[in-house]
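Visitor: I have a chain open in the viewer and would like to talk through its fold with someone. Could you walk me through it?

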Amino acid sequence: MPDRPGAPTRAWQRMLSGRRLDLLDPSPLDIEISDIAHGLARVARWNGQTQGDHAFSVAQHSLLVEKIVCRFDPAASWGAKLAALLHDAPEYVIGDMISPFKAAIGGDYKSVEHRLQAAIHRCFGLAPALPEPLRRLIKRADMVAAYFEATQLAGFAETEAAQFFGRPRGFAADMFQLEPMPAVQAQQQFLDRFAAIQSENTN
């Protein structure tokens with residue numbers, strides 16, 4: 001529903017938890033993991049242009065990236081695992097835009113995304129901005145995930161995917177769960193993994 005003429009522009013979204021999240025000035029107090037899991041499980045990667053009866057959701061992608069981070073670093077801390085699981089968490093609010101469209105939009109999108117990510121990190125005990133080595137590790141895992149999603153689900157030839165995402169070494173598609181899940185299943189697996197990671201935090 002559009003705002004009434006003359007009314008202040010609404011910059012918040014109401015969540016199923018009842019929270020109202022201000023998109024321009026997000027507060028960690030208005031963030032709930034249940035809202036994140038619900039939203040990400042219903043946001044499609046690749047604009048939904050993937051094979052299967054269900055969309056390959058951002059929740060499922062997030063689980064994949066966290067798993068790859070753990071393969072790169074079997075001794076990863078709970079914080080590194082959580083940061084990997086939440087690396088695309090702002091998309092529960094702003095959706096998943098494909099990279100070419102993000103580039104076309106420019107800085108405004110990234111600014112909103114960064115503010116949301118910082119609030120999410122603070123909510124769950126992470127630094128607002130990740131250390132650079134961890135940020136690079138998650139990005140590396142993200143590219144591995146993108147390669148396999150592209151070739152196994154989104155119709156990319158291996159040579160084309162390698163051009164955009166690099167060709168992963170030491171990984172094979174059959175190492176991962178790439179069959180798109182129903183939203184409720186992806187949502188529950190995301191919540192279960194979040195709880196398991198949080199249980200490792202003894203601080």
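Guide: What follows is a conversation about a predicted model, going from the overall fold to helix packing, the core and a few single residues.

Visitor: Fine, start broad. How many helices and strands are there?

Guide: The secondary structure comes to nine helices and two strands, and from the N terminus on the elements run β-β-α-α-α-α-α-α-α-α-α.

Visitor: And what share of the residues counts as buried?

Guide: Of the 203 residues of the chain, 44% count as buried. As for contacts, among those with a separation of 6 or more, 66% are accounted for by residues 24 or more positions apart.

Visitor: Let's do helix packing. At what angle do α2 and α7 pack?

Guide: Helix α2, residues 58-72, packs on helix α7, residues 132-152, at an angle of about 120°, and their axes are 8 Å apart. The two helices are therefore oblique to each other, and α2 passes α7 in a right-handed crossing.

Visitor: Which residues make that contact?

Guide: From α2 the contact uses His61, Leu64, Val65, Ile68, Val69 and Phe72, while α7 brings Leu137, Ile138, Arg140, Ala141, Asp142, Val144, Ala145 and Glu149. By class, the residues of this contact divide into ten nonpolar, one polar and three charged.

Visitor: What about α7 and α8, how do they cross?

Guide: The axes of α7 and α8 come within 9 Å and cross at roughly 155°. An angle over 145 degrees counts as roughly antiparallel, and α7 and α8 are therefore roughly antiparallel to each other. The crossing of this pair is right-handed.

Visitor: Which side chains are involved there, and how do they divide by class?

Guide: Met143, Ala146, Tyr147, Ala150 and Thr151 of α7 meet Glu158, Ala161, Ala162, Phe164 and Phe165 of α8. The residues of the contact of α7 with α8 divide into eight nonpolar, one polar and one charged.

Visitor: Switching to the interior. How many residues are in the largest nonpolar core?

Guide: The largest nonpolar core has 59 residues, and those with the most contacts inside it are Ile36, Leu86, Tyr92, Phe124 and Phe190. The elements that give two or more residues to this core are α1, α2, α3, α4, α6, α7, α8 and α9.

Visitor: Which of those gives the largest share?

Guide: That is α7, from which ten residues of this core come.

Visitor: Any general background on why nonpolar residues would gather like that?

Guide: In soluble globular proteins, nonpolar side chains tend to be buried together.

Visitor: You listed Phe124. What does it touch?

Guide: Leaving out residues up to four places away in sequence, Phe124 touches Ile31, Glu32, Ile33, Ile36, Trp78, Leu82, Leu86 and Phe194.

Visitor: Ile33 and Ile36 sound like α1. Is that helix enclosed or exposed?

Guide: Six of the eight residues of α1 are buried, so this helix is largely enclosed by the rest of the structure. The buried residues in α1 are Ile33, Asp35, Ile36, Ala37, Gly39 and Leu40.

Visitor: Back to α2 for a second. Where does Ala59 sit, buried or exposed?

Guide: Ala59 has its place in helix α2, and at 0% relative accessibility Ala59 counts as buried. Apart from residues up to four places away in sequence, Ala59 touches Leu40, Ala41, Ala186 and Phe190. The C-alpha atoms of Ala59 and Tyr92, which are 33 residues apart along the chain, are separated by 9.2 Å.

Visitor: And in the strands, what is Leu21 in contact with?

Guide: Leu21 lies in strand β2, residues 20-22, and with a relative accessible area of 0% Leu21 is buried. Leaving aside neighbours within four places in sequence, Leu21 has contacts that include Ala11, Trp12, Ile31, Tyr92, Val93 and Leu116. The C-alpha atoms of Leu21 and Ala11, ten residues apart along the chain, are separated by 8.3 Å.

Visitor: Last topic, backbone torsions. What is phi at Trp46 and at Asn47?

Guide: Phi of Trp46 is near 60°, a positive value in a residue other than glycine, and Asn47, which is not a glycine either, has a positive phi of about 55°. Most residues other than glycine have a negative phi.

Visitor: Where are they, and how exposed is each?

Guide: Trp46 lies in the loop between α1 and α2, and Asn47 lies in the loop between α1 and α2. Trp46 counts as buried at 15% relative accessibility, whereas Asn47, at 48%, counts as partly exposed.

Terms used
Residues numbered from 1 in each chain as written. Predicted model: local features only at pLDDT ≥ 70, side-chain atom pairs only at ≥ 80, totals over all residues. Heavy atoms only, no water. Axes fitted to C-alpha atoms, helices over the stretch in contact; angles between N-to-C directions. Helix = DSSP H or I, 4+ residues; strand = E, 2+ residues; numbered from the N terminus. Parallel < 35°, antiparallel > 145°, perpendicular 65-115°, else oblique. Left-handed = near helix turned anticlockwise from the far one by under 90°. Contact = heavy atoms within 4.5 Å. Nonpolar A, V, L, I, M, F, W, Y, C, P; charged D, E, K, R; others polar. Buried < 20%, exposed > 50% of the residue type's maximum accessible area, 1.4 Å probe, protein only. Core = buried A, V, L, I, M, F, W, Y, C linked by side-chain atoms within 4.5 Å.
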